[in-house]
Amino acid sequence: MRVVPFLSFQGLALLLPLLTSLSASAATVISVGDGDTLRVLDGGKKLTIRVACIDAPEIAQSPYGQQARQALQQLLPLGSTVTLKSQTSDRYGRTVAEVFTADGLNAGLTLVQQGNAFAYRQYLKQCDEWAYLDREKLAERYRLGVWRSASGIERPWGFRAARRGGQSQPAPRPQRPVNLTIINGGVPPSSGRRWYCRNVGSWEHAQQLLREGHTYLDGDGDGEACEALR
């Protein structure tokens with residue numbers, strides 16, 4: 001008998017912003033410049049795309065800039081088909097757009113949840129603002145990518161401003177309760193089994209289960225599962 005994983009209403013609400021109906025015309029990826037920039041062929045015309053609503057580490061912010069670029073390359077391999085939800089053009093003539101894979105996955109939102117990019121607060125208004133902030137909070141909570149240190153790395157916008165000799169202050173972070181139900185790419189736990197600390201076996205196994213989405217093992221919400229097993 002095939003078992004179909006049950007996804008709660010709360011989990012479904014978190015998953016839906018990762019997907020789109022793919023109603024726009026398709027384009028083909030021809031190169032990836034960094035963690036938030038790529039080139040596509042759209043209707044015979046080459047376009048430079050700035051992924052909307054995120055800011056990935058600069059290449060010079062080693063190793064995070066290179067990791068962000070590799071993550072975007074994995075999401076959008078050369079020759080793959082993408083759908084663009086265009087918003088505007090920036091001062092460099094690039095098309096600012098949310099980018100979706102052939103399967104409907106929101107590439108920018110995925111990078112944020114992986115810890116490979118920040119939600120770009122200054123430019124969130126044309127996107128699902130709370131979805132991006134929720135994904136960033138998940139990455140921060142589980143110390144993914146740029147969040148391996150408690151406060152994260154220097155923000156890319158601040159890094160660029162420092163190079164120009166100026167200062168940059170991000171927009172204030174909106175306050176709203178954040179859902180922390182789904183991690184690891186916006187999917188439910190990899191196993192339908194419900195675990196209990198008494199039968200997990202080891203502290204290391206408990207942390208692995210937590211990373212796979214079994215967040216109920218972290219009863220006090222401190223980011224560590226089954227502390228008593230240590």
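**Exercise 1. Locate cysteine 53 in this predicted model, then describe its backbone and its burial.**

Step 1: Cysteine 53 sits in the loop between β3 (45-51) and β4. Strands here are DSSP runs of E with at least two residues, and helices are runs of H or I with at least four residues; both are numbered from the N terminus.
Step 2: Its phi is positive, about 70°, although cysteine 53 is not a glycine.
Step 3: Cysteine 53 counts as buried because its relative accessibility is 3%. Buried means under 20% relative accessible area, exposed means over 50%, and partly exposed lies in between (1.4 Å probe, protein chains only).

Ground rules: in this predicted model, local features need pLDDT of at least 70 and side-chain atom pairs count only at pLDDT 80 or more, while totals for chains, interfaces and linings use all residues. Residues are numbered from 1 along each chain as its sequence is written, and side-chain values use heavy atoms, with hydrogens and water left out.

**Exercise 2. Treat arginine 143 in the same way: place, phi, exposure.**

Step 1: Arginine 143 lies in the loop between α4 (129-141) and α5 (156-164).
Step 2: Its phi is positive too, near 55°, and the residue is not a glycine.
Step 3: The relative accessible area is 46%, so arginine 143 is partly exposed.

**Exercise 3. Work out the surroundings of aspartate 36.**

Step 1: Aspartate 36 belongs to the loop between β1 (26-34) and β2 (37-42).
Step 2: Is aspartate 36 buried or exposed? Its relative accessibility is 4%, so aspartate 36 counts as buried.
Step 3: Set aside neighbours within four places in sequence. Aspartate 36 is then in contact (heavy atoms within 4.5 Å) with Ile49, Arg50, Val51, Ile54, Asp55, Ala56 and Leu72.
Step 4: Look at alanine 56. Its backbone nitrogen is 2.9 Å from a polar atom of the aspartate 36 side chain.

**Exercise 4. Find the residues joined by a cis peptide bond and place the proline.**

Step 1: Serine 62 and proline 63 are joined by a cis peptide bond, with omega about 0°.
Step 2: Proline 63 is in the loop between β4 (54-55) and α2 (64-75).

**Exercise 5. Summarise the whole protein.**

Step 1: How many helices and strands are there? The protein has seven helices and seven strands.
Step 2: Of its 230 residues, 43% count as buried.
Step 3: Take the contacts with a separation of 6 or more. Residues 24 or more positions apart account for 61% of them.

Note on methods: A polar contact is a pair of N or O atoms within 3.5 Å; within protein, one must be able to donate a hydrogen and the other to accept it, and residues adjacent in sequence count only if both atoms are side-chain atoms.
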